[in-house]
Amino acid sequence: MNNPKELFSEIKSRKNQHIQLCLEKDVQSTITNGLEQYRLPYNALPEINFNEINLSTKFFKKNLDAPLLLSAMTGGTELGKKINKRLAKVAQKLNIAMGVGSQRAMLKDKSLTDTFYIRDVAPDILLFANFGAIQLNYGYDFNHCQELVDSIKADALVLHLNPLHEAIQPEGDTNFKNISKKIETVVQNLSVPVIIKEVGCGISGEVAHRLENLGVKTFDVAGAGGTSFPVVEGYRANLKNPKLFGQLGISTADSITQVKKATSSPSIIASGGITNGIETAKAIALGADLVGFAGAVLSSATESEKMLEQNIERIIYELKVTMFSVGATTINDLKKIMLLPYK
């Protein structure tokens, strides 16, 4: 492993750069999220009461007031700590799920734990820890994963896959050889469920099928269509065309449908360029159980808790209006809606 102090400094600098680039540069994928290919069937006679629309759902045995996830964004720095606390307070108030950013730096410097720890302000939320699966090939193992989960009292662990991201990142780790067996060890032995997540390039049906055979039951497709970390790293690497690799990946919509088709009964989190309630409804109708937001809420999360809350409440309102327009009173009703091809 690298010298601990050097690694900590490198990771801290990179995390701050990631936030700034996401706020200041055009880091969007050049692929759309694919949801524009579908339209919801409008119902002019819904026979339901708008005030009775119920967004509640259950995920990992926890009841949520809406099927929304404030997806993995940050941690490891003072700015990351501030953002995580705001995300957590809003998640607690609205009773939605939250995930923290990659926690690897914590394993080198335990003092960074408080930049990820949010149970003091959000004791009841569904919370996901986060670690890069690639690190299982670089000296880390199941015990480290369990330590990260325990340290923030998480309900599940996100193991993220990011080969394209790592290949472009100047400090990237790119030895993915034989990593599946190590993922299986974590999945089979961790005290909480494991979610396999991409970081903006999507998961194919073939990969999901292989992971299901290892025991994985939950996927966050994190498809192309939103913030592209290959583009973020393209800027950091000073590529001549930093957006070049933003054209690679599987759209969020395609990834949802591929994972659903290739696996038996997966739990699916849809993220990747989803920004409003209509797209949220489409993702759920395609097969998602939760819908994740990162880039769409980052700016408001850096501004204030109030702005973040208003942003999430906007999405919730848009989702309710969309459900009303298709005659869906519950999330289960919405899952039964058949999307139509956009013409």
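**Aromatic pairs and a barrel, term by term**

Mentor: Phe128 has a relative accessibility of 2% and therefore counts as buried. This is a predicted model, in which local features need pLDDT of at least 70 and side-chain atom pairs count only at pLDDT 80 or more, while totals for chains, interfaces and linings use all residues. Residues are numbered from 1 along each chain as its sequence is written, and side-chain values use heavy atoms, with hydrogens and water left out.

Trainee: Why does Phe128 count as buried, and what does Phe60 count as?

Mentor: Buried means under 20% relative accessible area, exposed over 50%, and partly exposed in between, with a 1.4 Å probe and protein chains only. Phe128 is at 2%, so the residue is buried, whereas Phe60, at 24%, is therefore partly exposed.

Trainee: What makes the pair of Phe60 and Phe128 edge-to-face?

Mentor: Rings of Phe, Tyr and Trp (its six-membered ring) pair if their centres lie within 6.5 Å, and planes under 30 degrees apart count as stacked, over 60 as edge-to-face and the rest as tilted. Here the centres are 6.1 Å apart and the planes stand at 75°, so the pair is edge-to-face. Phe60 lies in the loop between β2 (57-59) and β3 (62-64), and Phe128, 68 residues apart from it, in strand β6 (residues 127-132).

Trainee: How do you know that Phe131 and Tyr140 form an aromatic pair, and of which kind?

Mentor: Their rings are 5.6 Å apart, centre to centre, with 75° between the planes, which is an edge-to-face pair, and both residues are buried.

Note on methods:
Helices (H or I, at least four residues) and strands (E, at least two) are DSSP runs, numbered from the N terminus.
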